[in-house]
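Me: I want the reasoning behind each label on this model. Please set the values against the cut-offs.

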Amino acid sequence: MNAKCILCERIDELDNREFKTKQLRNKPIRMYLCPECEHRVAINTISRVNSGHFNFHKPVVISNSELKNLVNNSAEFEPTSKS
């Protein structure tokens with residue numbers, strides 16, 4: 001299978017038995033990066049993480065009990081003015 005790198009537009013011949021090839025064939029929305037571009041992106045990402053100015057925006061996972069406490073505490077601070 002031929003795959004085109006999205007960054008450098010180089011066309012590579014991929015082995016049909018590789019997992020990455022099967023992913024590209026079954027889910028065409030996936031993007032292919034050649035090994036050189038993939039390495040370059042990894043190096044740049046590692047340098048940004050090590051610089052201290054890079055934040056991972058991971059979703060915050062809160063347990064149900066913590067969520068209940070948070071809701072109860074915020075309800076205590078809201079003014080209840082009824083006219």
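What follows is a run of short questions and replies on this predicted model.

Me: What is the order of elements in the protein, from the N terminus on?
Reply: The order is β-β-α-α-α. That makes 3 helices and 2 strands.

Me: How many of the residues count as buried?
Reply: Of the 83 residues, 11% count as buried. The accessible surface comes to about 7,600 Å². Carbon and sulfur atoms hold 56% of that surface.

Me: What makes up the largest nonpolar core?
Reply: Ala3, Cys5, Leu14, Leu24, Tyr32, Cys34 and Cys37 make up the largest nonpolar core. To belong, a residue must be buried and be joined through side-chain atoms within 4.5 Å. Cys34 also has contacts with Cys5, Cys8, Arg10 and Asp12, leaving aside neighbours within four places in sequence.

Me: Why is Thr21 called buried?
Reply: Its relative accessible area is 0%. Buried means under 20%. Thr21 therefore meets the cut-off. Thr21 lies in helix H1, residues 19–26. Its contacts, neighbours within four places in sequence aside, are Met1, Leu14, Asp15 and Asn16.

Me: Why is Arg25 called partly exposed?
Reply: Arg25 has a relative accessible area of 43%. Partly exposed is the class between buried, under 20%, and exposed, over 50%. The value falls in between, so the label holds. Arg25 is also in helix H1.

Me: Which residues does Arg25 touch, not counting those up to four places away in sequence?
Reply: Arg25 touches Met1 and Asn16. Met1 is 24 residues away along the chain, and the two C-alpha atoms are separated by 8.7 Å.

Me: Why is Glu9 called exposed?
Reply: The relative accessible area of Glu9 is 55%. Exposed means over 50%. Glu9 therefore qualifies. Glu9 is placed in the loop between strand S1 (2–4) and strand S2 (11–13). Its phi is near 60°, a positive value in a residue other than glycine.

Me: How do you know that Arg10 and Asp12 form a salt bridge?
Reply: Their closest N and O atoms are 2.9 Å apart. The rule asks for a side-chain nitrogen of Lys or Arg within 4 Å of a carboxyl oxygen of Asp or Glu. The pair therefore passes. Asp12 is buried, with a relative accessible area of 12%. Arg10 is partly exposed, at 33%.

Me: What makes Glu36 and Arg10 a salt bridge?
Reply: The N to O distance is 2.8 Å. The limit is 4 Å, so this pair also counts. The pair links distant parts of the chain: Glu36 is in helix H2, Arg10 is in the loop between S1 and S2, and they are 26 residues apart. Glu36 is partly exposed, with 46% relative accessibility.

Me: What about Lys20 and Glu38: how far is N from O?
Reply: The distance is 3.2 Å, and the side chains meet in a salt bridge. Lys20 is in helix H1 and Glu38 in helix H2, so the pair ties together parts 18 residues apart in sequence. Both count as partly exposed: Lys20 has a relative accessible area of 34%, and Glu38 comes to 38%.

Me: Which residues are joined into one network?
Reply: Arg10, Asp12 and Glu36 are joined, through salt bridges that share partners. The protein's count of salt bridges is 4.

Me: How do you know that the span of H2 agrees with what is expected?
Reply: H2 has 17 residues, and at 1.5 Å a residue they should span 24 Å. The expected span takes 1.5 Å times one less than the number of residues. The end C-alpha atoms are 24 Å apart, so the two agree. Gly52 follows H2, with a positive phi near 90°.

Me: Why is Val41 called partly exposed?
Reply: Val41 has a relative accessible area of 35%. That lies between the 20% and 50% cut-offs, so the label fits. Val41 is found in helix H2, residues 35–51.

Me: Which residues form the nonpolar patch on the surface?
Reply: Ile6, Leu7, Met31 and Val41 form the patch. Together they have about 380 Å² of accessible area. Patch residues need over 30% relative accessible area. Val41, at 35%, therefore clears that bar.

Key
Residues are numbered from 1 along each chain as its sequence is written. This is a predicted model: local features need pLDDT of at least 70, side-chain atom pairs count only at pLDDT 80 or more; totals for chains, interfaces and linings use all residues. Side-chain values use heavy atoms; hydrogens and water are left out. Helices (H or I, at least four residues) and strands (E, at least two) are DSSP runs, numbered from the N terminus. Buried means under 20% relative accessible area, exposed over 50%, partly exposed in between (1.4 Å probe, protein chains only). Accessible areas come from the Shrake-Rupley method with a 1.4 Å probe; for residues, only the protein chains shown count as cover. Contact means heavy atoms within 4.5 Å. Patches are made of residues with over 30% relative accessible area and no salt bridge: like charges are joined within 9 Å, nonpolar side chains (Val, Leu, Ile, Met, Phe, Trp, Tyr) within 5 Å.
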